[in-house]
Amino acid sequence: QALYLADYTPPAWLVDRVELTFRLHPSATRVVSRIAFRPNPETANRRFFLHGEDLTLISAAIDGTPVTPDITPEGLVCDVPDSPFTWEAEVEIAPEGNTALEGLYMSNGMYCTQCEAEGFRKITYYPDRPDVMAPFRVRIESDLPVLLSNGNPVGQGEGWAEWDDPWPKPAYLFALVAGELVATSDTFTTCEGRKVELNIWVRPADQGKADYALDSLIRSMRWDEEFYGRAYDLDVFNIVAVDDFNMGAMENKGLNIFNSRYVLASPETATDRDYENIERIIAHEYFHNWTGNRITCRDWFQLCLKEGLTVFRDQQFAGDARSHAVKRIEDVITLRARQFREDNGPLAHPVRPESYTEINNFYTATVYEKGAELIGMLRRLVGPEGYDKALTLYFDRHDGQAATIEDWLKVFEDATGRDLSQFSRWYSQAGTPRLKVTDDFKDGTYTLNVEQQTPPTPGQPEKAPQVIPLAVGLLSPNGDEVVPTTVLEVTEAAQSFRFDGLGARPIPSLLRGFSAPVILERDTNAEERAFLLAHDTDPFNKWEAGRALARDVLVAMVTQGAAPAPAYLDALAAMVRDEALDPAFRALALGLPGEDQLAEDLHARGITPDPLAIHTARERLKSAVATHLCPLWVPLYDQMTCPGPYSPGAADAGRRALRLAALAHMARLDQGTKARAHFAQANNMTDELGALSILIEIGAGEEELDRFAKRWGKDRLVMDKWFALQTSLAAPDRAVSRTSSLTEHPDFHWKNPNRFRAVIGGFTMNAAGFHDPSGAGYDLVADWLIRLDAVNPQTAARMSTAFETWTRYDADRQARMRAALERIAGRDGLSRDMGEMVGRLLAAG
Ligand code: ARG
Ligand code: ZN
């Protein structure tokens, strides 16, 4: 039942117009459809198939004459004329019982939809594929006060409302919302002079928490006009916050639907990170209006066409709004933690996959984040002007179409004259390329020798060389930059690059700005890293040098029981003291590589990682840093206050982050005294939660946890944090029992995806707890995945990635993880989503 990119065929029938009427009822909603079909002139195929799942067909007619189609679990087929006709049908669905949160479902008494990728077929019979685009008109009948759908409002009265969306769109962009909602509103006048009404709809209890989302939306609209020349194209833009949602948010045309955690914020309840996420995701969904909606994907294999580009655009926006250097470092931290992890395990797949069983399993870090890296590389290779020209051509040429990656690359070729046939391998080859670099210096000539190699991934034993933009700079031994950033284009398996006329052997700064999503391998030493940490002009590489030092120290601590290297501690001290550096940067530089990252590094060096040893070494290093830099913390803590009212902007957020980093180290020296006071005095969630996690990390904080729960017990989003903190930060020997007891908590509403992710997902991030040698962590997660899979396959399958690193570990752990996966695989009624995931995971063994 796998589908292949190579098997694409165009749709037999095209749709000219869709009219839908919804008579909403929790257990018996009626959906009446009227759809104008016409034969697709591009194909001779005339088979009439409509997708449809879990629908009760009440009636169907063609051009007014009743018909009796053949119905299967996937849809229906029907004899039809071979000329244009009108299809009419009425179906019944039960949104109340829809726990999968796909199609039309209910969340706290409100109706909402999620159609991407293939949820529309749970609403009515339709050719549910992205290359069938049509204008929609929607009538909603319900007693609920707010009734929303895509497009512009065209009429409303007692118990009904009508919406018209003039822009042809695929069914996955359909949306409907009905409920008791209140709006935070504003208007925006586009550069084309269109006055747009903006509304962010939330439940009455959440009123007042949408201001930041609204502000982010306005800034996104302005930014897209300024930097991409893209203006909004409807009279209203609605956003709705929903508590039960499988993912972050959805870009439905003119009616974005958001997980409430990415809309609602107040200083008391949201952290700086939450604000940052809201800004980014609001921008992301808004940017989809052009990259995704006006130009959509021909089929789901092309998902990265819209997602990679839109992530790249939201990263650019966030860099402009905050700090490019800090943003790049944060993006690379996530890329490595999620995408490299995926790319180096059994779930590795190309940015454009060639086959899938369940497309929902491919909304991955590879499609999104690596997809965005490919756009960044393209931009670097053709230059900013070439990129702008190509994008202009893309919008001109493909507006209103369902496009492919070939179309995308072609606009770059046509706009810039560059041949991208080798570049296109980035889309088809999975795996993280390794770049091995050695160097020579002789008679003033410095040579970099570069070899590239990509390890095998499932189904792809061999890889051809890719085009790798390698940004480098050279520093002289006294710290001056003798060669500023230059982009070398690595295209061969092995290649050398020469720099002439140098007075002394330079120190190379390689892969500046993380110019390609590769793993750089180079024999170097702590002195060189400390030198780059002190002198590199490239902020990413300056951070990277510190990170590499920390990683080497940790690896030596784990494998040889070594003491933390003084070179690292001294370099860190100098960096922390450097007031010329942005506080946000210093906070990042004080962070250590995560436990999972270290496990991957050890595994890459041929060492079987021991999660407990890694955890212990990391804790020891934190304490050593605390002690070694002892005199710095209190002054830093006192210096990094933020006078004035709370502002979520980058400057204050950076100061709070650095202040909390200081506090975390102080807590290791004063048993948490200062952190307790900080918690008690906090007047914003960043400080409150920050202090609480510091206490939990040093094994204290039980009393504060109780106080926190008493204070916030009624706030779902804040309580998610309370749950997640405990499962993700519990000490290794207590994580399993803490997590199981939290699953008994009366507020563990496990059918709510946010709560499930907080408790079970939080636990899976607790590497040492999850990998408890008894296997109890694996069993706990497997039990819950089995349970959730029966009600919500999408969220359950997504979390099975907790096991994607299973082949890294020792034989005993591997056997236990395999047993857990086999137990899941053996369940009757396993979803297609979960079936595919465990199948791919087990195939690695
Ligand atoms: N297109 C949405 C976004 O990027 C995400 C939709 C996820 N859908 C899914 N089936 N997992 O914001
Ligand atoms: Zn997206």
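Colleague: In strand E26, which residue is the bridge partner of Thr438?
Modeller: This is a predicted model, and the strands in question are E25, residues 434–442, and E26, residues 445–453. These two strands pair in the antiparallel sense over 9 bridges. In E26, the residue bridged to Thr438 is Asn449.

Colleague: Which residue in the hairpin of E25 and E26 takes a positive phi?
Modeller: The hairpin has 2 residues between its strands. A phi near 50 degrees is found there, and the residue that takes it is Asp443.

Colleague: In which sense do E25 and strand E31 pair, parallel or antiparallel?
Modeller: Strand E31 spans residues 519–521 and shares 3 bridges with E25. One of the bridged pairs is Leu435 with Leu520, the latter in E31. The sense of the pairing between E25 and E31 is parallel.

Colleague: What percentage of residues 431–522 is strand?
Modeller: UniProt, in an unreviewed entry, places the feature "domain: Peptidase M1 alanyl aminopeptidase Ig-like fold" at these residues. The end C-alpha atoms of the span are 19 Å apart. Helix makes up 0% of residues 431–522, and strand makes up 53%.

Colleague: What percentage of residues 527–842 is helix?
Modeller: The unreviewed UniProt entry annotates this span as "domain: Peptidase M1 alanyl aminopeptidase C-terminal". The end C-alpha atoms of the span lie 43 Å apart. Strand accounts for 0% of residues 527–842, and helix accounts for 73%.

Colleague: Against which helices do the buried residues of H26 pack?
Modeller: Helix H26 covers residues 832–842. Its buried residues are Asp833, Met834, Gly835, Glu836, Met837, Val838 and Leu841. They pack against helix H23 (776–791), helix H24 (793–799) and helix H25 (811–825).

Colleague: Is Thr739 buried or exposed?
Modeller: Thr739 is placed in helix H20, residues 735–743. It touches Thr727, Val759, Phe763 and Leu780, leaving aside residues up to four places away in sequence. A residue needs 20 or more other C-beta atoms within 10 Å to count as buried. Because Thr739 has 27 such atoms, it is buried.

Colleague: How far apart in space are Thr739 and Ile760, C-alpha to C-alpha?
Modeller: In sequence, Thr739 and Ile760 are 21 residues apart. In space, their C-alpha separation is 7.5 Å.

Colleague: Is Phe540 buried or exposed, and how far is its C-alpha from that of Phe585?
Modeller: Phe540 lies in helix H9, residues 539–560. Leaving aside residues up to four places away in sequence, Phe540 touches Ala325, Arg328, Ile329, Arg512, Gly513 and Phe514. With 22 C-beta neighbours inside 10 Å, Phe540 counts as buried. Phe540 and Phe585 are 45 residues apart in sequence, and their C-alpha atoms are separated in space by 9.6 Å.

Colleague: Which helix gives the most residues to the largest nonpolar core?
Modeller: This core has 246 residues, and those with the most contacts inside it are Leu176, Val177, Ala213, Val240, Ile257 and Val263. One of these, Val240, touches Cys112, Leu148, Val177, Leu181, Trp201, Ile257 and Phe258, leaving aside residues up to four places away in sequence. The helix that gives the most to the core spans residues 365–398 and contributes 13 residues; it is H5.

Colleague: Which elements give two or more residues to the shell around ligand 1?
Modeller: The shell consists of Glu116, Ala117, Met247, Gly248, Ala249, Met250, Glu251, His284, Glu285, Glu307, Asn360 and Tyr363. The elements that give two or more residues to it are strand E20 (249–250) and helix H2 (272–287).

Colleague: How many charged residues does the shell around ligand 1 have?
Modeller: The residues around ligand 1 include Glu116, Glu251, Glu285 and Glu307. By class, the shell has 5 nonpolar and 3 polar residues, and its number of charged residues is 4.

Colleague: What kind of peptide bond joins Glu116 and Ala117?
Modeller: Ala117 is placed in the loop between strand E11 (110–114) and strand E12 (134–141). Omega of the bond between Glu116 and Ala117 is about 0 degrees. The bond is therefore, by the convention of its description, cis.

Colleague: Is Asp63 buried or exposed?
Modeller: Asp63 is found in the loop between strand E5 (56–62) and strand E6 (65–66). Its phi is near 50 degrees, a positive value in a residue other than glycine. A residue with 12 or fewer other C-beta atoms within 10 Å counts as exposed. Because Asp63 has 12, it is exposed.

Notes
Residues numbered from 1 in each chain as written. Chains lettered and ligands numbered in written order. Predicted model: local features only at pLDDT ≥ 70, side-chain atom pairs only at ≥ 80, totals over all residues. Near = placed C-beta within 6 Å. Helix = DSSP H or I, 4+ residues; strand = E, 2+ residues; numbered from the N terminus. Nonpolar A, V, L, I, M, F, W, Y, C, P; charged D, E, K, R; others polar. Core = buried A, V, L, I, M, F, W, Y, C linked by C-beta atoms within 7 Å. Contact = placed C-beta atoms within 7 Å. UniProt positions renumbered as here; feature names shortened; annotations may be inferred. Pairing = 2+ DSSP bridges.
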